[in-house]
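Good morning, and thank you for coming. Please take a moment to look at the sequence and the structure before I begin.

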Amino acid sequence: MADSAQAQKLVYLVTGGCGFLGEHVVRMLLQREPRLGELRVFDQHLGPWLEELKTGSCWGSLWWRGCGRFPNPSQAGIPTPAVEQMMLVSVHMDGSRPVRVTAIQGDVTQAHEVAAAVAGAHVVIHTAGLVDVFGRASPKTIHEVNVQGTRNVIEACVQTGTRFLVYTSSMEVVGPNTKGHPFYRGNEDTPYEAVHRHPYPCSKALAEWLVLEANGRKVRGGLPLVTCALRPTGIYGEGHQIMRDFYRQGLRLGGWLFRAIPASVEHGRVYVGNVAWMHVLAARELEQRATLMGGQVYFCYDGSPYRSYEDFNMEFLGPCGLRLVGARPLLPYWLLVFLAALNALLQWLLRPLVLYAPLLNPYTLAVANTTFTVSTDKAQRHFGYEPLFSWEDSRTRTILWVQAATGSAQ
Ligand SMILES: NC(=O)c1ccc[n+]([C@@H]2O[C@H](COP(=O)([O-])OP(=O)(O)OC[C@H]3O[C@@H](n4cnc5c(N)ncnc54)[C@H](O)[C@@H]3O)[C@@H](O)[C@H]2O)c1
Ligand SMILES: CC(C)CCC[C@@H](C)[C@H]1CC[C@H]2[C@@H]3[C@H](O)C=C4C[C@@H](O)CC[C@]4(C)[C@H]3CC[C@]12C
């Protein structure tokens, strides 16, 4: 491996590289991808943590090399991107393998920006997306970012000759469906009636379909594109904003959270570090295992226990001082349905004046109240995935993050 790592330096592009998952993918690539030569981090909002790369506080000896333009993509006939901010950082991972990290502020809905970022990349990990089940963004915007953005990424690969594309899909491509059918310990082949109405799962399903359908298309130079899609269940870990929201809500209620969903409704969860690791491995193995992996979907899984959404959250919020009240839901389900519908109505009525987007709405209630758990080893069989972080590790890391993010260390 050391010799081949010396021989071949690869250019990776991570779209959405400053998001919750994207940041972990970026860090994982820097730590664990021996063939990494250049890493392009593409995002609409560049995170301040990228600055750490310059100061060396992240991974040993990193240093700033100065500002520069993105490598000229004109060889591929692509116009130079109209991006607002770029920087070049040189990262020395172990004293012998310098990796150039290029941060690109850009928008996946802008085809020319995407094409310019993709030009010359060997591998694209496309995690950028608008994750909105609360009604913050319009259905049109969700479609533009998640579907048109993905189309732009695929077309950029085809035009510029990039052959390997890993797409971050979602469990929601499958379900839970609007009928509330349980998906219990299901795998990639489990039959399930996927019915999508909400803009977010609709957009993820369509985007995933585009990615899988593009597998085998000839890219510039004549070789086939190889694609696969990873479907995380609910991701948790350092940087999980909803976990922080739950903590704050608990604080407002005097340190108490009130059980809303029966403990028997199990919800699939997966640690962000393992999801990132799965992306890195899938991207690494796509070339060698193109026939097996091309056009395939993989659920993301690890050793996280099957629990209800609220009980699972308490694994982290409990050590931060919150308590979940009630062995059973305190409110009757019909009342929750009523409150969720009321929230939806208020959101609609208030929209001209203010954005009202609470956690509880008919869609989130349906998701939280429907069992959806996966049990599969497909990623292990196809590309040798084993979780990098045990449940104990994942739990500890998440607790430390919640404590630090909320100042709740006890
Ligand atoms: N969070 C979860 O539980 C979960 C579960 C399954 C799948 N996913 C998928 O994982 C991916 C990442 O989700 P996340 O939870 O990290 O969300 P996130 O919002 O933290 O990250 C998404 C990133 O994409 C960027 N982005 C959004 N619109 C963009 C645009 N037009 N152009 C460029 N960048 C843009 C955002 O700035 C953000 O940094 C998404 O595709 C999401 O659908 C998330
Ligand atoms: C009824 C309330 C008390 C609780 C509301 C919880 C609700 C906000 C949670 C429950 C399940 C969560 C989703 C689930 O983890 C999986 C995903 C898939 C991913 O692609 C995007 C995020 C999403 C939809 C989670 C959003 C928050 C949900 C609905």
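I shall speak about one helix, then about a pair of helices, and finally about salt bridges.

This is a predicted model, in which local features need pLDDT of at least 70 and side-chain atom pairs count only at pLDDT 80 or more, while totals for chains, interfaces and linings use all residues. Residues are numbered from 1 along each chain as its sequence is written, chains are lettered from A and ligands numbered from 1 in the order in which they are written, and side-chain values use heavy atoms, with hydrogens and water left out.

Let us start with helix 6. Helices here are DSSP runs of H or I with at least four residues, strands are runs of E with at least two, and both are numbered from the N terminus. Helix 6 covers residues 199-214, which is 16 residues. The expected span is 1.5 Å times one less than the number of residues, so helix 6 should span 22 Å, and its end C-alpha atoms are indeed 22 Å apart. Its buried residues (under 20% relative accessible area; exposed is over 50%, partly exposed in between, with a 1.4 Å probe and protein chains only) include Tyr200, Leu210 and Val211. The buried residues of helix 6 pack against helix 5, strand 7, strand 9, strand 13 and helix 12, where contact means heavy atoms within 4.5 Å. Just after helix 6, Gly216 has a positive phi of about 95°.

How do helix 7 and helix 10 pack? Their axes are 11 Å apart, at an angle of about 80°. Helix 7 and helix 10 are therefore roughly perpendicular, a label given to angles of 65 to 115 degrees. Among the residues making the contact are Phe246 of helix 7 and Phe316 of helix 10.

I turn now to salt bridges. A salt bridge is a side-chain nitrogen of Lys or Arg within 4 Å of a carboxyl oxygen of Asp or Glu, and the count comes to 15. One of them joins Glu33 and Arg284, at 2.8 Å from N to O. Glu33 lies in the loop between helix 2 and strand 2 and Arg284 in helix 8, so this pair ties together parts 251 residues apart in sequence. Glu33 is buried at 1% relative accessible area, and Arg284 also counts as buried, at 16%.

Lys140 and Glu144 form another salt bridge, with their closest N and O atoms 3.1 Å apart. These two residues are four apart in helix 5, which means about one helical turn between them. Lys140 is exposed, at 60%, whereas Glu144 is partly exposed, at 33%.

Note on methods. Axes are lines fitted to C-alpha atoms, for helices over the stretch in contact, and angles run from 0 to 180 degrees between N-to-C directions. Angles under 35 degrees count as roughly parallel, over 145 as roughly antiparallel, 65 to 115 as roughly perpendicular and the rest as oblique.
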